[in-house]
Amino acid sequence: MLATAGYFVFTETKNALQQTIRDRQSELGHQTIDKIDRTLFGYYVGIQNIADEESIQRTLSGAVQDRREIERRIKELPFLTGPWDVLKIINSQGAIIASNSRQDAEKNAEIEKNIENLAALKEAIKGNVYYSDFLFTKDTGRPTMIFAAPIRDQETADQPIIGVVIGHVAWPVIKEIIEASDPASEFDLYTRGGVLIATNQESAKHLFLKNTEIERSLSAPPHVANLIKTEADEGFEALVTRADSHGHLAYKGNQWALFIETPTSIAFAPAISTARRIVLVLLPIILFILFVILLLLSSLVVRPIVDITKVSKVIAVGDFSARVRVRTKDEIGELAISFNAMTEKMRESLNIINIERDKLAKLIESMGDSVMVIDTEGKITLWNYAAALLTGWEQKEVIGRPFKDILKLVREADRASNSDFIVRAITEKVKKSMENHTLLIRKDGTEIPVADSAAPIIDADGDVWGAIVVFRDVAKERELERLKTDFVAIASHEMRTPLTLIKGNSERLLKGESILKDAKLTEMVSSIYRNSDRLFGIVNDFLDVLTLEEKRIPLNLEHFDLVPLVHECVAEFRTFAEAKKIYLKIDDLSASHQMVVADRARVRQVMINLLGNAMRHTEKGGVRLTFEKQKNFIEVSVNDTGPGISKENQLRLFRKFGSIRETFIRSKEYGSGLGLYISKLLIEAMGGEIWLKKSSPGAGSTFSFTLRTSTDKEGV
Amino acid sequence: MTMKKRILLVDDEDEILSLYGEVLAEEGFEVLIAHDGAEGVKVAKQEKPDLVLMDLKMPVMDGMDAFMQIHDDPATRAIKVVFLTAFGDPEVVGADIKISEEIGAAGYIRKGITLDELVKKVREYIR
């Protein structure tokens, strides 16, 4: 690029210089030709001045007879003016009156015979100032130009022309002007006809010869001049300029042309060397400037950008401590500042993420429960310390492996594999806790009872990317559970006998006549009886719950008619209802038969429970039973007009030990609060549902349960 | 004089034997007692009562085994055996009727019932 610039500078400089040289040469040409023209103008004026000389005039007019004056004059004048080569005075008859030429002096009073002179004479006699073109005069054989002016008789009116003065220009005068020119260039003066009449070249072989080429070119319009001509014969390039003669003032000249020819090597050598010099000087300067600019650019722009790029590469690899140096206050500087700020933010965010991640990891590691996380392909991605302890598999052994190879869960009952729920967490996005009775087979083959649950891990878009499985050793729990159960069972069992006895003997006492006479005693014994009965009920409920929870009750399912059972249960509460003065009705029993599939004794138990609760709660109004037939079920509802159940308490209804305080407050009969819970277990075990249909404080309650209907006729 | 109906009570709890024994006696039954399954079998074989009320959980030999022995022995097969169950005994809860049907016992009586009901049931079974 620099070379191109340099070459360009060089060429332009060279051309400019060459143009200058060309112009100068042209100028010189014009100056020279002007000089010639002015010189010739001098002759033009000079000849007229001579013509005006009084002595010459008076001699010609005859006023002065003595010729000595004129002759003297004719000898002086060629040197005083001109210079003239030849100077003649010719009268109107054509006789040479005076002449500076010796020849003429010898041929006294001869008639002028020279053609050229005669031409001049002819013209001047008319009264015009005459000048010729360049010619070789026959008089002297020398190159010259002839000027002539008319001589007038000043003393006579009209000033008649009485003679002519003719002068031949001393050609060397003109020659000198040309010859004095700078010899490095060729100065050639041509007539319009193409004749070379003066040159500054020493070997002037073409002098006074006609050059046809020049003649041709002179006939062309002047603007064609100033071309660089190639001299074919001489084989070099030359700068040629042409200046045409335009005369001077009244002297119009002969339209001579002055050619200046300078060989290009000489003409332009200075130009080229100057151009070279300029370039040689300029180039270092330009280079220096460029260098400085580059330096500035680099430090101000390129380096900061390179810096930023380098730093961003470092950051991309993960080192967030790298920063860009801010060098300037401009936009680049701002970029650097922003970049650093952004990096700092990223570092902070990454820090926070790392801290949180570590916290989470620590949390999971410190959990007492075992945690396993798997990806969608079932490969283990997380395995905490508790899991390693429990299973015997180290974390490093399991990461990346399919969970089925590591976490072996089987059902206690039939030893069948029990890990479907984990797979389903991923495929079906369901959360599932496995029921008890799952065994974990450890790495060493031993077995531990566990409780486990699996849940899918779902990202913000709703896609599953894995599952989390939590499991724990429940052996101790089971142990505790068993202890509790056993304790309750044993205790309850043990309590039954004493209770039976208390109850039984109280009953006997109450029948005794002596007791009945004493009201107070009766009252006391009645209390003993009632409460032992109540206690009995509680104990039985405990045992019931235990049994039902272990789901080992074989339900005695049979087809039976619900209707008589209903009547039976209601009958038990008749006296109670009458005593309390509340109604007890059965509604809408659409048929007199309703076959169901259930355990009769248990259905009875449930009905007694619900009716009992209803009866106990109601002080005014009453209890009503309703039935609703559904597709495969019969729905039985027990409605009371009691105080209703608040929303809070509704949640605790069917739960173990979640009984409503009101029940206890008003309870006069047996009832441990487990009644609804037991009823729920029983009904559900029989394939039905039990729930609080409707209740609100002050508006009473309705409990409903369903039993499976049967199309069989009765069969017990 | 009509023969009094004879009832054999088999229970490991003395006080149960007294309570039920006295009540039944007051109702006009002749009451025999045994303290465990083995004794119960022996007395049953010896005395051939009209009804046996058999508690289930007993030491030495429990009620079920004792019943089996009585039932297997052709000499005592005809004797009606009624189980005394506690409400909630895991073995028999819900299966009371099945027991009577399948095993051949006459029935069951839950210990928690009132004495009046006890008497009523006994009269039913002994008929």
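These exercises work through a predicted model with chains A and B.

**Exercise 1. Confidence in chain A**

Task: State the mean pLDDT of chain A, then find where pLDDT stays under 50.

Solution:
- Start with the whole chain. Chain A has a mean pLDDT of 82, and 91% of its residues reach 70 or more.
- Next, look at the weak stretch. Over residues 662-671 of chain A, pLDDT stays under 50.
- Check what the model places there. That stretch has 19 contacts beyond four places in sequence.
- Draw the consequence. Where pLDDT is low, predicted coordinates should not be read in detail.

**Exercise 2. The fold of chain B**

Task: Describe the order of helices and strands in chain B, then its burial and its contacts.

Solution:
- Count the elements. Chain B contains 5 helices and 5 strands.
- Put them in order. Along the sequence they read β-α-β-α-β-α-β-α-β-α.
- Turn to burial. Of the 127 residues in chain B, 51% are buried.
- Take the accessible surface. It is about 6,000 Å² for chain B, with 51% belonging to carbon and sulfur atoms.
- Finish with contacts. Among chain B contacts with a separation of 6 or more, 66% join residues 24 or more positions apart.

**Exercise 3. Two residues of chain A**

Task: Is A:Thr32 buried or exposed? Is A:Trp393 buried or exposed? Locate both residues and list their contacts.

Solution:
- Place A:Thr32. It sits in helix α1 (residues 2-52) of chain A.
- Apply the cut-off. Buried means under 20% relative accessible area. A:Thr32 has 8%, so it is buried.
- List its neighbours. Beyond four places in sequence, A:Thr32 touches A:Ile177, A:Ile178, A:Ser181, A:Phe187 and A:Leu258.
- Place A:Trp393. It lies in the loop between α10 (385-391) and α11 (395-398) of chain A.
- Apply the cut-off again. A:Trp393 is at 15% relative accessibility, so it counts as buried.
- List contacts beyond four places in sequence. A:Trp393 touches A:Trp383, A:Ala388, A:Val398, A:Arg401, A:Asp405, A:Ile406 and A:Lys443.
- Follow one partner. A:Lys443 is 50 residues from A:Trp393 along the chain, with 6.2 Å between their C-alpha atoms.

**Exercise 4. A helix pair across the chains**

Task: How are α14(A) and α1(B) oriented to each other, and which residues make the contact?

Solution:
- Take the geometry. The axes of α14 (residues 475-511) of chain A and α1 (residues 14-26) of chain B come within 9 Å and cross at roughly 30°.
- Classify the angle. Angles under 35 degrees count as roughly parallel, so α14(A) and α1(B) are roughly parallel to each other.
- Add the hand. The crossing of α14(A) and α1(B) is left-handed.
- Name the residues. From α14(A) they include A:Thr497, A:Leu501 and A:Arg508; from α1(B) they include B:Ile16, B:Leu19, B:Tyr20 and B:Val23.

Notes:
Residues are numbered from 1 along each chain as its sequence is written. Chains are lettered from A and ligands numbered from 1 in the order in which they are written. This is a predicted model: local features need pLDDT of at least 70, side-chain atom pairs count only at pLDDT 80 or more; totals for chains, interfaces and linings use all residues. Side-chain values use heavy atoms; hydrogens and water are left out. Helices (H or I, at least four residues) and strands (E, at least two) are DSSP runs, numbered from the N terminus. Buried means under 20% relative accessible area, exposed over 50%, partly exposed in between (1.4 Å probe, protein chains only). Contact means heavy atoms within 4.5 Å. Accessible areas come from the Shrake-Rupley method with a 1.4 Å probe; for residues, only the protein chains shown count as cover. pLDDT is the predictor's confidence in each residue, from 0 to 100. Axes are lines fitted to C-alpha atoms, for helices over the stretch in contact, and angles run from 0 to 180 degrees between N-to-C directions. Angles under 35 degrees count as roughly parallel, over 145 as roughly antiparallel, 65 to 115 as roughly perpendicular and the rest as oblique. A crossing is left-handed if the near helix is turned anticlockwise from the far one by less than a right angle, and right-handed if clockwise.
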